[in-house]
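Student: I should like to learn how to read the fold of a protein model. Could we take the features one at a time?

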Amino acid sequence: MPEVDKEGKNFHLEIPQKSELFFLKGSNELGWGMKNRMARIFNPKDGHTLMLAFDHGYFQGPTTGLERIDVNILPLVPYVDTLMLTRGILRSIIPPATTKSIVMRASGGPSILKELSNEEIAVSVEESIRMNVSAMAVQVFIGGEYETKSLLNMSKLVNIGTQYGMPTLAVTAVGKDMVRDAKYFRLATRICAEMGAQFVKTYYVEEGFETVTKSCPVPIVIAGGKKRPELDALKMAYKALQEGASGVDMGRNIFQSESPIAMTRAIKAVVHENKKPEEAYEMYQELKNEYN
């Protein structure tokens with residue numbers, strides 16, 4: 001039988017117990033496990049995240065820059081906070097020793113040859129837990145042919161995710177015939193938040209983006225979108241953060257860059273060091289010479 005210690009006496013009666021608010025907006029009432037997962041995605045020091053998106057193959061196959069994940073993407077992993085990918089890539093290529101947080105694509109179905117909005121839930125929450133991910137991502141097609149179906153997909157993930165402490169990221173998809181303006185993104189992001197998504201990924205717009213972030217009660221992460229010149233991508237990231245975004249989820253603007261590692265580090269400087277775009281671009285140019 002173990003020896004019994006004497007009862008303690010130093011109870012620090014003069015010090016009240018602290019009860020701190022969670023650092024992400026709209027997240028204070030979440031459970032401990034869900035908050036812990038969100039804190040893996042978003043840096044608690046500044047509330048920001050740099051996510052690397054390379055889940056494009058789930059509907060369009062080996063796109064430019066993603067022909068070989070092991071060759072093109074693994075060297076970038078040390079410089080980002082979070083990886084956004086599919087379970088197939090996570091299981092087959094990402095080393096289990098990685099400590100980066102994972103946002104795993106949970107919806108899918110159609111390819112670029114079909115109607116993209118006709119997605120289903122493709123990954124269970126049990127699989128997400130088994131793979132130790134930090135959040136599940138689901139595509140939401142506001143204004144799309146299968147809008148209602150995509151919102152119900154998201155709601156089902158939110159329902160089951162809440163039971164297990166697993167956050168849901170709603171990814172707002174924009175059809176080629178839809179207007180990409182602040183009015184549309186206010187609608188799309190607000191609906192996702194109202195339906196329970198813990199955070200939302202959407203696009204940056206030059207006019208009125210701050211109204212998008214202000215009207216959405218949960219954190220917004222911007223998508224990088226199509227490939228653009230490096231300085232333009234850095235400016236977009238900087239302006240989005242200044243106007244209320246909580247992070248950047250970039251793919252093509254990183255892995256299709258002339259120097260992906262240099263670009264990743266430059267974006268990181270904007271996200272976590274508040275570097276101005278011009279400073280980050282100068283950094284990119286210097287690092288490009290080093291890596292190339």
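The dialogue below moves from the whole chain to the sheet, its helices and a single residue.

Tutor: Please note at the outset that this is a predicted model.

Student: How many helices and strands does the protein chain have?

Tutor: An inventory of secondary structure is a useful start. Here the protein chain comes to 12 helices and 10 strands.

Student: What radius of gyration does the protein chain have, and what would a compact globule have?

Tutor: The general idea is to set the value beside a rule for globules. With 292 residues, a compact globule would have a radius of gyration near 19 Å; the protein chain has 20 Å, so the two agree. Along the principal axes, the C-alpha trace spans about 70 × 50 × 40 Å. Of the 292 residues, 50% count as buried. The chain exposes about 14,900 Å², of which carbon and sulfur atoms supply 51%.

Student: Among contacts between residues at least 6 apart in sequence, what percentage join residues at least 24 apart?

Tutor: Sequence separation is the quantity to read here. The share in the protein chain is 67%.

Student: Which strands make up the closed barrel?

Tutor: One follows the pairing from strand to strand. In this model eight strands form a closed barrel in the order β1-β2-β3-β6-β7-β8-β9-β10, and their pairing is parallel. Neighbouring strands of this sheet are turned by 25° against each other on average, direction ignored.

Student: How many bridges join strand β8 to strand β9?

Tutor: A pair of strands is read through its bridges. Three of them join β8 (residues 199–202) to β9 (residues 220–223), and these strands run parallel. Within this region, Lys 201 stands opposite Val 221 in β9.

Student: Which strands does helix α7 lie across?

Tutor: For a helix on a sheet, one reads the strands involved and the angle. Helix α7 (residues 182–194) lies across β6, β7, β8 and β9, and runs at about 160° to β7. Helix α9 (residues 230–242) also packs on the sheet: it touches β9 and β10, and its direction makes about 150° with that of β10.

Student: Is Ala 53 buried or exposed?

Tutor: Relative accessible area decides the class, and buried means under 20%. Ala 53, found in strand β1 (residues 49–53), has a relative accessible area of 3% and is therefore buried.

Student: Which residues is Ala 53 in contact with, leaving aside its neighbours within four places in sequence?

Tutor: Such a list shows what surrounds a residue in space. The contacts of Ala 53 are Met 84, Lys 201, Asp 249, Met 250, Gly 251 and Phe 255. Ala 53 and Gly 251 are 198 residues apart in sequence, yet 4.6 Å apart in space, C-alpha to C-alpha.

Note on methods
Residues are numbered from 1 along each chain as its sequence is written. This is a predicted model: local features need pLDDT of at least 70, side-chain atom pairs count only at pLDDT 80 or more; totals for chains, interfaces and linings use all residues. Side-chain values use heavy atoms; hydrogens and water are left out. Two strands pair if DSSP finds at least two bridges between them. Helices (H or I, at least four residues) and strands (E, at least two) are DSSP runs, numbered from the N terminus. Axes are lines fitted to C-alpha atoms, for helices over the stretch in contact, and angles run from 0 to 180 degrees between N-to-C directions. Contact means heavy atoms within 4.5 Å. Buried means under 20% relative accessible area, exposed over 50%, partly exposed in between (1.4 Å probe, protein chains only). The radius of gyration is taken over C-alpha atoms; the globule rule is 2.2 Å times the number of residues to the power 0.38. Accessible areas come from the Shrake-Rupley method with a 1.4 Å probe; for residues, only the protein chains shown count as cover.
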